[in-house]
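Me: Could you take a close look at one part of this structure for me, the packing in the middle and the strands around it? I'd like the cut-offs spelled out as you go.

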Amino acid sequence: MSSLNKGVRKVEVALKWDPSPLGEPDHDLDIVASVYTADAPRGAPAYSVHFDSRSPDGTIALTRDSRTGQGFGFDEVMTLEFDRLAPVYARVVVGVAIQQTAGRRVFGDIRNTLVRVREGYAELSERDLSEVSGATCAVIAEFARDGEGRWSFHDAVRGYDADPQSFVSLMGADSPR
């Protein structure tokens, strides 16, 4: 949490992975965020941000997008500005999906995956995706607004066997709480 009584305000979710071996199709992983209203926190998302897009109000944006995992540091980065998100929204679920264009791939097929969630310099979570190695998609974090308008972070890793489009409709349906 950023400071006592203020809750989570602005978060960066970052993802990295090793490129595929020479001669194999590229691994393309994507960060996905789905936003839910207070009226339907487990229903259909009001909107989702993924694949080089941003939210309608600009509070959630994919600022770095890689299709190969090549480069130094984190390959995909998404920023979420909770302190600017309209009061109608009460829940945001963030996940990672593997594009399946070159055949079925699971997280166990991709080397050195790492997901980091941080607020400023404070690390909220950092983990590889080995615990969901047989999945094609995974929820990696949830954020919820309380009755007083403060956002909280919930560390969550749940794997799914779905294509990226289906994952968007599944990712917010269940919760560890």
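Reply: Sure, terms before residues: a nonpolar core here is a set of buried Ala, Val, Leu, Ile, Met, Phe, Trp, Tyr and Cys residues joined through side-chain atoms within 4.5 Å, where buried means under 20% relative accessible area with a 1.4 Å probe and protein chains only, exposed over 50%, and partly exposed in between. Keep in mind that this is a predicted model, so local features need pLDDT of at least 70 and side-chain atom pairs count only at pLDDT 80 or more, while totals for chains, interfaces and linings use all residues. Numbering starts from 1 along each chain as its sequence is written, and side-chain values use heavy atoms, with hydrogens and water left out.

Now the core itself. The largest one has 36 residues, and Val92, Val94 and Phe143 have the most contacts inside it. Its top contributor is strand β6 (residues 89-98), which gives 5 residues; strands are DSSP runs (E, at least two residues), helices are H or I runs of at least four, and both are numbered from the N terminus. Another core lies apart from it, with 11 residues, including Val32, Val93, Tyr160 and Phe167. On the background side, side chains in a regular strand alternate between the two faces of the sheet.

Zoom in on Val92. Leaving out residues up to four places away in sequence, Val92 touches Ala33, Ser34, Val35, Ile60, Leu80, Phe82, Leu85, Ala141, Glu142, Phe143 and Trp151, with contact meaning heavy atoms within 4.5 Å.

Next, the strands around β6. The open sheet has 5 strands in the order β3-β2-β6-β9-β10, with antiparallel pairing; two strands pair if DSSP finds at least two bridges between them. β3 and β10 (151-160) are the edge strands, each pairing on one side only.

On one side, β6 pairs with β2 in the antiparallel sense over 9 bridges, and Ala33 has Val94 as its bridge partner in β6. Strand β2 (residues 29-37) is mostly covered, with 8 of its 9 residues buried. From β2, 3 bridges lead on to antiparallel β3 (residues 47-49), where Ser48 stands opposite Ser34. β6 is also joined by 7 bridges to strand β9 (residues 137-145), again antiparallel, and there Cys137 sits opposite Ala97.

For the wider picture, the protein has 1 helix and 10 strands, and 49% of its 177 residues are buried.
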